[in-house]
Amino acid sequence: MTPAAAEASAVLSLRGITKRFGSLLANDSISLELGRGEVLALLGENGAGKSTLVSILFGHYVADEGEIEAFGEPLPPGNPKAALAAGIGMVHQHFTLADNLSVLDNVLLGTEPLWQPFSRRADARRRLVETGKRFGLGVAPDALIASLSVGERQRVEILKALFRGARILILDEPTAVLTPQESESLFATLQQLVVEGLSVIFISHKLDEVLRVSRRIAVLRAGRLVATLPAAEADKARLAELMVGRAVAPARRRAATPGEDTCVLQGASVTNGDGRKLLDAVNLELRAGEVVAIAGVSGNGQEALADILCGLRAPDAGRVRLGGRVLPASPQAWIAAGVARIPEDRHAVGVVGDLPLWENAVLERFATPAFATLGVVRRRAAQAHARNLIERYDVRGTGARGVETPTRALSGGNMQKLILGRALMGDPNAAAGPRLIVANQPTWGLDIGAVAYVHQQLLDACAAGAAVLLISEDLDEIFALADRIAVIHHGRLTEARPTAQWTLSAIGLAMTGGMRREASHAAA
Amino acid sequence: MLAESLDLLTTIPFWIAVLRIATPLILGTLGVLLCERAGVLNLGIEGIMVAGAFAGWLTVYQGGGLWLGVAVAAAVGALIGLLHGVLTVTLALSQHVTGLGITLFAASLASYAYRVSFPKVSSPPTIQPFAEMAWLPIPVLDAQTPLTLLALLLVPVIGYLLYRTPLGLAVRMVGENPAAAEGQGLSVARVRIGAIMAGSSLMGVAGAFLTLAAFNAFYFNMVNGRGWVCVALVVFASWRPGKALLGALLFGLFDALQLRLQQSGSGLFGVSVPYQVYLMLPYLLSIVALVLMARRAAYPQALMKPYRKGER
Amino acid sequence: MLRLEKRALPSRVAMLVAPFAAVAFTLLVTSLLVAWAGAPVGRAYALLLEGGFGSAFALSETLTRATPLILTGLSAAVAFKARLFNIGAEGQLYLGALAAVAVGGQHGGSGFALATWLLFPLMMAAAAASGALLLLGPALLKSRLGVDEVVTTLLLNFVVLLFVSLMLDGPMKDPTALGWPQSVTLQEALQLGKLVERSRLHSGLLWALVLALLLWAQLRFTTTGLQIRAVGANARASAFAGMPVGWVKVKVALLSGALAGLAGAIEVAGRTGYVTLDMSPGYGYSGIVIAMLAALNPLGVVAAAVFVAGILVGADSMSRAVTVPTYIADVIVSVSLLAMLVAAMLAQYRIVWQRGASRAR
């Protein structure tokens, strides 16, 4: 296609988009075009500026500089309503759906004039079902969002945009929360969209998907557009290098020499208030010097499992033993027994953002004799410990105030390093390192550099004799680090088989419960 | 006492009292309901009711018609609601503390204005309040003022608005998931502030009922905690207009009952009880209602969470 | 459109300037009200200042008023720091006062025949305990059942006041008070001494100052203080780190209620000698305003309490000289609160104006 013709068929054109958040330059003069009927992948690691760019496109943010044109018409900035009217639809990474309302309500919102004294629900219901059929996205209009699965909710998000006649669809990290099979289903949907004449912007940091699904790939790095190339001409190595700007050595895994059982779960079950089993007769052995990973889509019992191993709750049935002993369900008991815990949500659970760095550094141990005497905190000891931690674990972002800096001023990566340091350094008076490390989504939302750092720390601690439990939704990470892998689904855990014995499709199958079905078929 | 109470329940004057006591609660609860459905806790209700009571009464005292007084009370309520909205929605300040500040501000401002307008009066000046609707052929209602009819009619109207119009859907969505509303092209700030203003104007009318219908003058302390009762009733009503009416009527029932018991002097189960105990019952009842509904409350999910647009 | 952008590091200077900016703004706004009342604004404010701080007598009155305000301010500060919104300080104050009189009153004779050094602490403990237990109920309802403590504590205020009225009409009535609802008087020996002769300023002020210092030290230096601050800022993270969140909240409730109860006891022991229904013109509620003005800092509470007391006393004195109703005091206090909230927010956030967000056709 000649350049002129390509220009003529561009449905979307961004020119010189620049956006700053305080001192952070999130988007640096980005110019991009989207062709008619094309799937453009926006690739970059976490923090590269992809989400910011599309948020500007959709009107959630206003760019400091630059213009956008949709279908040849200039797009008014900062106005989702204008974006919707121009035919742009967005499927957000964190679904914008109200749990307590129905699918129809969520879709209907904003499509009728606010001052209209009635609502054409029957019409809308019919149109919704038709749209669903047309794009192969089945949906029950009157179902409450709260009753839908993650995959179904994403379908509703997509339908919201299609219902409004979107001709350009933006998908922000859509496969982050899907099983491999659900992702396949999504890719098929994308094909259908293109057939129907839509153009798609697909944001991801996963190289495999991007190569599979898109026609063209735009790579962002630290806020700038570093390359645009046809998918046919790209390969994983080249893309990875473009994304990071240098060759990144992944963490090195040495062969595992597992030691004795550090932590054993036998028939552990957890039942919630409604009688539903969050964990169902789980058996797991964690051995010193070995990394065991739990794969699974979030919401299948990982939280309950992590809670048990972090000392937050005891199993309602079955047993958990650490070093052969049964410990009470008290975080302090588990911490004292040498368990290093890295929680899933660093902002909400990992640190108290308003407190200064040094108080967070000793958050788990400030009441122990190491840092307190007779109820009074030993400030100097605690602050010294914090300084030590910050240096050893390369925590950056402490400004003029040093250890008194409020913790929420740290970036995600540095906050995670602080949490890592707190967990791994443990008791300053203890001779050995931790015996068990519970790492729950430890690299979620981090850039490649920070990810590699966290991985290396975990592996080093493992080599020093700790048992490591890794709960992750990132299969790449799991395959890179784990010695054994178990898959969790609806609270049931498969056997933890050595990594070499798992394939991607087997794991995907297990994530949807397929393995059990397979097993029962075989038995029949 | 039981037999006497049952007797009471069949007399018309009793039910007239129930409806009269319930009216400001219906209006106030609907007002709080609108605000909370949009995700905002409006603790300014107590002060807005005082301000509405004063503003409505003053308008009539200066020669305006009764309905003009009601309109002014509603407008004053909406204005204070606007202040609340700007502080809690635009500036995202703490809804708890702002509400309490506004209650104090509105109430003290109204009292101040009253004192400035009437520096030295031994007894509060009175007006001619709303007349009973004797022309209505329905018993109990014919002894009520038009404001009570308004309150009763507002219940189905607000129900329809919330559940069957695009505006109502927008209000509900803003209280459940503001990001969803923003993603569908709505302005969360505008919808929330609009809901707060509408709710606050109802609170103003609730206050005006006290000076323009129930009584005929403005007294200090005349609202006496009714606003807080409304906040409790909204939880009891699970944020639904129909249940709000039920809650207000139930409350009116118990309040009228304790008034009768006090007056008749026959005591609780024959034991003579100090009048303060009777006066305590409405407040204790509200607490009980809150406790009963606590577990089952289907909270608007974004209630009391400030929404900061475009925050990283 | 207007957008709020969080500052990376909250501006310390702005936090210090905030209360003063808030007060200045308030006085500007309320000057309109003064003008409306037909009084010369300058003179009215001068009288206000004079009446609150302008003479030794004025100061003594202000400090007398400040004493219970410091305590209710501390009560609100410690509670709000743990995100326990205690609006029931008014009721806790009255209950504490009642308890103090119950233990230390003359009861028609010479009261309980215990040595003063025993009876006095017992009296104070009773007051603290009643305030603490009164708040414990709503606090537990909140943590176990999720019942909003704002409404429950508020409603309880009304209940307690009625209870006090009941007591004053009956068992605790002072028979010599000629039918006026007033409680029995406290034993002479238990009453607090005066700090300044021929004024109402009593040693309760010293108690209040000491308690403020102790609370500040606790929050800053002790493990309990760290727990309170952590739980208030992020209960989930605190629970994960192994802090006993439920127990911390109970401790805070007991502490907050006790401080308010003590406010009542100290008022009785120092200023009035007995309990009446109007002994507190809203000290409990003013305490909340004071705590917010002080940004929940115990030492700041002392300053804010003196400020608010000065306004209240000054307004009283001003209204006697000019035709400005005393309600101006409450208006000043409430506007200061709202202005302080905005000022504190501005220290943490920047307001950004941006082009865009015009209505699409």
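**Close-up views of a predicted three-chain model**

**View 1. The end of helix 18 in chain A.** In helix 18 of chain A, which covers residues 504-511, the buried residues include A:I507, A:L509, A:A510 and A:M511. The model shown here and in the other views is predicted. Just after helix 18 of chain A comes A:G513, whose phi is positive, at about 85 degrees.

**View 2. Surroundings of A:I88 in chain A.** A:I88 belongs to strand 6 of chain A, a strand that spans residues 88-91. Because 28 other C-beta atoms lie within 10 Å, and 20 or more are enough for a residue to count as buried, A:I88 is classed as buried. When its neighbours within four places in sequence are left aside, A:I88 is in contact with A:L57, A:F58, A:A70 and A:A83, and also with A:A166, A:I168 and A:I170. A:V292, by contrast, is 204 residues from A:I88 along the chain, and the C-alpha atoms of these two residues are separated by 43 Å.

**View 3. Two residues of chain A with positive phi that are not glycines.** A:E173 is a residue other than glycine, yet its phi is positive and lies near 45 degrees. The loop that holds A:E173 runs between strand 7 (168-172) and helix 7 (180-195) of chain A. With 19 other C-beta atoms within 10 Å, A:E173 is partly exposed, because a residue needs 20 or more to count as buried. A:D394, which is not a glycine either, has a positive phi of about 55 degrees. This residue, A:D394, is placed in the loop between helix 14 (379-392) and helix 15 (412-425) of chain A. A:D394 has 12 C-beta neighbours inside 10 Å and therefore counts as exposed, the limit for that class being 12 or fewer.

**View 4. Packing of helix 10 of chain B on helix 6 of chain C.** Helix 10 of chain B (residues 226-236) and helix 6 of chain C (residues 149-169) pack with their axes 10 Å apart and at an angle of about 140 degrees. Since roughly antiparallel is reserved for angles over 145 degrees, helix 10 of chain B and helix 6 of chain C are therefore described as oblique to each other. The crossing of helix 10 of chain B and helix 6 of chain C is left-handed. On the side of helix 10 of chain B, the residues that meet the partner helix are B:W228, B:V231 and B:A232, and they face C:V151, C:L154 and C:L155 in helix 6 of chain C. Sorted by class, this contact of helix 10 of chain B with helix 6 of chain C has 6 nonpolar residues, with no polar and no charged ones.

**View 5. The side of chain C that touches chain B.** Between these two chains, 41 residues of chain C are in contact with 40 residues of chain B. At least two residues of this side of chain C are supplied by each of strand 1 (2-6), helix 1 (12-36), helix 5 (116-145), helix 6, helix 11 (283-293) and helix 13 (328-348) of chain C. Helix 6 of chain C gives the largest share of the side that touches chain B, with 12 residues. By class, the side of chain C that touches chain B has 31 nonpolar, 6 polar and 4 charged residues.

**View 6. The side of chain A that touches chain C.** Here 34 residues of chain A are in contact with 25 residues of chain C. Two or more residues of this side of chain A come from each of helix 3 (80-85), helix 11 (331-336), helix 12 (346-350) and strand 17 (376-377) of chain A. The residues of the side of chain A that touches chain C divide into 21 nonpolar, 9 polar and 4 charged.

**View 7. Chains A and B as frames for the close-ups.** Chain A has 19 helices and 22 strands, whereas chain B has 12 helices and 0 strands. For the 524 residues of chain A, a compact globule would have a radius of gyration near 24 Å, and the 25 Å of chain A agrees with this. For the 312 residues of chain B, the corresponding value would be near 20 Å, which agrees with the 20 Å of chain B. Taken along the principal axes, the C-alpha atoms of chain A fill a box of roughly 70 × 65 × 50 Å, and those of chain B fill a box of roughly 65 × 50 × 40 Å. Of the residues of chain A, 47% count as buried, and of those of chain B, 57%.

Note on methods
Residues are numbered from 1 along each chain as its sequence is written. Chains are lettered from A and ligands numbered from 1 in the order in which they are written. This is a predicted model: local features need pLDDT of at least 70, side-chain atom pairs count only at pLDDT 80 or more; totals for chains, interfaces and linings use all residues. Helices (H or I, at least four residues) and strands (E, at least two) are DSSP runs, numbered from the N terminus. The radius of gyration is taken over C-alpha atoms; the globule rule is 2.2 Å times the number of residues to the power 0.38. Axes are lines fitted to C-alpha atoms, for helices over the stretch in contact, and angles run from 0 to 180 degrees between N-to-C directions. Angles under 35 degrees count as roughly parallel, over 145 as roughly antiparallel, 65 to 115 as roughly perpendicular and the rest as oblique. A crossing is left-handed if the near helix is turned anticlockwise from the far one by less than a right angle, and right-handed if clockwise. Two residues are in contact if their C-beta atoms, placed from the backbone, lie within 7 Å. Ala, Val, Leu, Ile, Met, Phe, Trp, Tyr, Cys and Pro count as nonpolar, Asp, Glu, Lys and Arg as charged, and the others, Gly among them, as polar.
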